[in-house]
Amino acid sequence: MNYQAIAFFDLDGTLLDQNSRITPEVADAMLALKENHILPVIATGRTEIEILDIRQAAHIDSNIVMNGGYIRVDGEEIYSDLIEKPQIERLYHAVLDHGDQLSYYNEGAIWCTGHSEDLIGAYTFIHSKIPPIDPLGFQNKPVNMLLVLGRENRDFYEAEFPEFDFYRNTPYSMDTVKKGVSKGAAIKILRETTGLSHLPTFGFGDGPNDKALLQACDTKIAMGNAGDELKEMADFVTKKNTEGGIIHALKHFQLI
């Protein structure tokens, strides 16, 4: 398709409603975007296996997942950044030593070191399935992203593991990616790899891990439920995700 622009959407608190679902109105808006030759791209900390139903409901075939660790455009994989096993093993021991748990992610699977109250809380928070236990599965399966499950110890992890970035995505968990991996970096890779660097970009987000997303886009749109930091850097603050904020912003910028 001859695209005229690209729109990047975070999921939780942005494209999804309070039940982590795509509303019919948002689904219709995504179809309207495509009819107007605008490429809609999901940009999320989740992985693909968690969002297949969401993608289908939203009529979206392109995604940046695992906070930039993996990219698919129009159904085709264009980028996959893997974490090296020695890095994972060092974090694995530290996490268990501090009473936390660890989840492992690639585009097709999620597994974890064990089930704790915080782990169950994290996946319940985003209405996602509890992953199976396979503590040493990282030794024979590729890993794009990790999730530290615990409410404390962030300062320790950031000090001891400068090779990682930690994003607090729920009260119970932190997305963990290689330093430099972000939604923003992935947007740059996507545009360059697909030859779409010349197109205008629109970014929609609400959380701390959306800061890089908005910074990478020409037009920065914060949801009404976003934090103050994101609102301050935004070109436009739309309504809350539960109040039609996506559609309000798309109409404001005459994208639909």
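Throughout these exercises, a residue is called buried under 20% relative accessible area, exposed over 50% and partly exposed in between, with a 1.4 Å probe and protein chains only. The structure is a predicted model, in which local features need pLDDT of at least 70, side-chain atom pairs count only at pLDDT 80 or more, and totals for chains, interfaces and linings use all residues. Residues are numbered from 1 along each chain as its sequence is written, and side-chain values use heavy atoms, with hydrogens and water left out.

**Exercise 1. Positive phi outside glycine**

Task: Find where Asn67 and Gln254 lie, and decide for each whether the residue is buried or exposed.

Solution: Begin with the backbone, where Asn67 has a positive phi of about 55° although it is not a glycine, and where Gln254 likewise has a positive phi of about 55° without being a glycine. Next, place the two residues: Asn67 belongs to the loop between strand 3 (63-65) and strand 4 (70-73), while Gln254 is found in the segment after helix 10; helices (H or I, at least four residues) and strands (E, at least two) are DSSP runs, numbered from the N terminus. Finally, apply the cut-offs: Asn67 counts as buried because its relative accessibility is 1%, whereas Gln254, at 70% relative accessibility, counts as exposed.

**Exercise 2. The surroundings of Ser103**

Task: Describe where Ser103 lies and which side chain it joins in a polar contact.

Solution: First, locate Ser103 in strand 6, which spans residues 101-106. Then consider its accessibility: with a relative accessible area of 0%, Ser103 is buried. The side chains of Ser103 and Tyr123 are joined by a polar contact of 2.9 Å, the term standing for a pair of N or O atoms within 3.5 Å, of which, within protein, one must be able to donate a hydrogen and the other to accept it, while residues adjacent in sequence count only if both atoms are side-chain atoms. Lastly, leaving aside neighbours within four places in sequence, the residues in contact with Ser103 include Trp111, Leu119, Pro131 and Met145, where contact means heavy atoms within 4.5 Å.

One of these residues, Trp111, has the charged end of Lys141 over its ring, 4.0 Å from the centre; this label requires NZ of Lys or CZ of Arg within 6 Å of the ring centre and within 35 degrees of the ring normal.

**Exercise 3. Two aromatic pairs**

Task: Classify the ring pairs Phe9 with Phe204 and Phe236 with Phe253, and state which parts of the chain they tie together.

Solution: Start from the rule that rings of Phe, Tyr and Trp (its six-membered ring) pair if their centres lie within 6.5 Å, planes under 30 degrees apart counting as stacked, over 60 as edge-to-face and the rest as tilted. The structure holds 11 aromatic pairs. In one of them, Phe9 and Phe204 are stacked, at 4.6 Å centre to centre with 25° between the planes. Phe9 lies in strand 1 (residues 5-9) and Phe204 in strand 11 (residues 201-205), so this pair ties together parts that are 195 residues apart in sequence. Both Phe9 and Phe204 are buried.

For Phe236 and Phe253, the ring centres are 5.5 Å apart and the planes stand at 85°, so the pair is edge-to-face. Because Phe236 lies in strand 13 (residues 236-237) and Phe253 in the segment after helix 10 (245-252), the parts tied together are 17 residues apart in sequence. Phe236 is buried at 13% relative accessible area, whereas Phe253, at 26%, is partly exposed.

**Exercise 4. The faces of helix 7**

Task: Work out where the buried and the exposed residues of helix 7 lie around its axis.

Solution: First, list the buried residues of helix 7, which are Lys183, Gly184, Ala186, Ile187, Leu190 and Arg191. They cover an arc of only 160° around the axis, which puts them on the same side of helix 7; the arc is that of the directions from the helix axis to the C-beta atoms. On the other side of helix 7, Lys188 and Glu192 are exposed. Then inspect the two ends: Ser182 caps the N-terminal end, with a side-chain oxygen 3.3 Å from the backbone nitrogen of Gly184, and helix 7 is followed by Gly195, whose phi is positive, near 70°.
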